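User: I would like to learn how to read a structural model feature by feature, with the general idea first and the particular case afterwards. Could we take one helix and build outwards from there?

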Amino acid sequence: MKVWDKDGNVTERMVDVSKVDTTGSDYIDMFAYSSHLLASWKCPGAQSAVIRAGANQHGADNRTHDDLFGMNDWISVLKDAMQTQYDAGNLKGYLDYKQFWDFMDK
């Protein structure tokens, strides 16, 4: 993964997707993991679920560079996003998250 810091400097980070801990990883690791799941067709909705759940957690306009590196329990993040969609009456949004949540819960 390539990551740009606050000053625009690029760094590369290797992510072993077989070792990503969905209950304690940062956004970079989860993005790499979900990208792998999308590319391998193991869970095609994974990447969009991670992107949307991350935005749901912080608000689309309140994200900062530091949010990329904070450790999260992504099972809980997805569960919160699912609940938000359910409460809003958006069953499709709920089911989109649930597909990835079910995959990770195996």
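**Reading a helix and its core**

Analyst: Let us begin with the outward side of helix H3, where Lys79, Asp80, Tyr86 and Asp87 are exposed, on the side away from the buried residues. Please keep in mind throughout that this is a predicted model.

User: Which residues of H3 are buried?

Analyst: The buried set consists of Trp74, Ile75, Val77, Leu78, Ala81, Met82 and Gln85. Because these residues cover an arc of only 165 degrees around the axis, they lie on the same side of H3.

User: How many residues does H3 have, and what span does it reach?

Analyst: H3 has 14 residues and extends 20 Å from its first C-alpha to its last, which is close to the 20 Å expected at 1.5 Å a residue.

User: What is found at the start of H3, and what follows the helix?

Analyst: At the start, a side-chain oxygen of Asp73 comes to within 3.1 Å of the backbone nitrogen of Ile75. After the helix comes Gly89, with a positive phi near 80 degrees.

User: How should I read a nonpolar core, and which residues touch the most other members here?

Analyst: The general idea is that in soluble globular proteins, nonpolar side chains tend to be buried together. In this model the largest nonpolar core has 21 residues, of which Met30, Tyr33, Leu78, Tyr97, Phe100 and Met104 touch the most other members. Two or more residues come from each of H1, helix H2 (46-58), H3 (74-87) and helix H4 (91-105), and H3 gives the most, with six residues.

User: What does Met30 contact beyond its neighbours in sequence?

Analyst: Leaving aside residues within four places, Met30 is in contact with Val20, Thr22, Ser25, Val50, Trp74, Phe100 and Met104.

User: Ser25 appears in that list; is Ser25 buried or exposed?

Analyst: A residue counts as buried when its relative accessible area is under 20%, and Ser25 is therefore buried, since its value is 2%. Ser25 sits in the loop between strand E2 (10-12) and helix H1 (27-39), where a polar atom of its side chain lies 3.2 Å from the backbone oxygen of Asp21. Not counting residues up to four places away, Ser25 touches Val20, Met30, Gly70, Met71, Asn72 and Trp74.

User: How do the elements of the whole chain run?

Analyst: The chain has four helices and two strands, running β-β-α-α-α-α from the N terminus on, and of its 106 residues, 35% count as buried.

How values were computed:
Residues are numbered from 1 along each chain as its sequence is written. This is a predicted model: local features need pLDDT of at least 70, side-chain atom pairs count only at pLDDT 80 or more; totals for chains, interfaces and linings use all residues. Side-chain values use heavy atoms; hydrogens and water are left out. Buried means under 20% relative accessible area, exposed over 50%, partly exposed in between (1.4 Å probe, protein chains only). A polar contact is a pair of N or O atoms within 3.5 Å; within protein, one must be able to donate a hydrogen and the other to accept it, and residues adjacent in sequence count only if both atoms are side-chain atoms. Contact means heavy atoms within 4.5 Å. A nonpolar core is a set of buried Ala, Val, Leu, Ile, Met, Phe, Trp, Tyr and Cys residues joined through side-chain atoms within 4.5 Å. The expected span of a helix is 1.5 Å times one less than its number of residues. The arc is that of the directions from the helix axis to the C-beta atoms.
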